[in-house]
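Please look through the model shown below before reading the notes. The points are meant for someone who has not seen this structure before.

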Amino acid sequence: MIKETAKKLLPCVNDPKHLEALKQYAQERINSQVTNLIRETELCKIHNLQGSIIELQRFMTIREEAIQRAKEK
């Protein structure tokens, strides 16, 4: 995440209601992708789903990442 983006995200991630809604949405998408992963048989699609899940999991720590990046010089 670049510093400018992190600064723009701070108001959202510092509001507990917004942060919780974002995390809930990310968790719902993770659950959906895990279901798709379980059912998938093509290796290429399995790798894509795994990458998708990893990226969605980053939303669970978005507040910490945004704060850290915004502080960097």
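The numbered points below go from the whole chain to single residues.

1. The model is predicted. The protein chain has four helices and zero strands, so that along the sequence the pattern reads α-α-α-α. A reader looking for a sheet will find no strand to build one from, since the strand count is zero by the DSSP runs used here.

2. On overall shape, the radius of gyration of the protein chain is 15 Å, whereas a compact globule of 73 residues would have one near 11 Å. Along the principal axes, the C-alpha atoms fill a box of roughly 45 × 25 × 15 Å.

3. Buried residues make up 19% of the 73 residues in the protein chain. The accessible surface comes to about 5500 Å², and carbon and sulfur atoms hold 56% of that surface.

4. Among contacts in the protein chain with a separation of 6 or more, 67% join residues that are 24 or more positions apart. Points 7 to 10 give single residues and their partners.

5. The protein chain carries 13 positive and 10 negative side chains. The centres of these two sets are 6 Å apart.

6. Helix α2 covers residues 16–39, which is 24 residues. How far apart are its end C-alpha atoms, and what span should the helix have? The end C-alpha atoms are 35 Å apart, and at 1.5 Å a residue the span should be 34 Å, which agrees. The buried residues of α2 are L19, A26, I30 and Q33. The cover over these buried residues includes α1 (3–13), α3 and α4. As a general point, an α-helix has 3.6 residues a turn, so residues three or four places apart point the same way.

7. L56 is placed in helix α3, which runs over residues 43–57. Is L56 buried or exposed? L56 counts as buried because its relative accessible area is 14%, and the cut-off is under 20%. Beyond its neighbours within four places in sequence, L56 is in contact with A26, R29, I30 and Q33. Of these partners, A26, I30 and Q33 are also listed among the buried residues of α2. The C-alpha atoms of L56 and A26 are separated by 5.9 Å, although the two residues are 30 residues apart along the chain.

8. E65 belongs to helix α4, residues 62–71. With a relative accessibility of 13%, E65 is buried. Leaving out residues up to four places away in sequence, E65 touches M1 and R58.

9. A6 is in helix α1. Its relative accessibility is 0%, so A6 counts as buried. Not counting residues up to four places away in sequence, A6 touches M1, A66, R69 and A70. M1 is thus named as a partner of A6 and of E65. From C-alpha to C-alpha, A6 and E65 are 7.8 Å apart in space, with their positions 59 residues apart in sequence.

10. V13 is also found in helix α1. V13 is buried, with a relative accessible area of 1%. Which residues does V13 touch, not counting those up to four places away in sequence? They are L19, I62, R63 and A66. L19 is one of the buried residues of α2, and A66 is also touched by A6. V13 and I2 are 11 residues apart in sequence, and their C-alpha atoms are 16 Å apart in space.

Notes:
Residues numbered from 1 in each chain as written. Predicted model: local features only at pLDDT ≥ 70, side-chain atom pairs only at ≥ 80, totals over all residues. Heavy atoms only, no water. Helix = DSSP H or I, 4+ residues; strand = E, 2+ residues; numbered from the N terminus. Rg over C-alpha atoms; globule rule 2.2 N^0.38 Å. Buried < 20%, exposed > 50% of the residue type's maximum accessible area, 1.4 Å probe, protein only. Contact = heavy atoms within 4.5 Å. Areas by Shrake-Rupley, 256 points an atom, 1.4 Å probe, with all protein chains shown as cover. Lys, Arg positive; Asp, Glu negative; His and termini not counted. Charge placed at Lys NZ, Arg CZ, Asp CG, Glu CD. Expected span 1.5 Å × (residues − 1).
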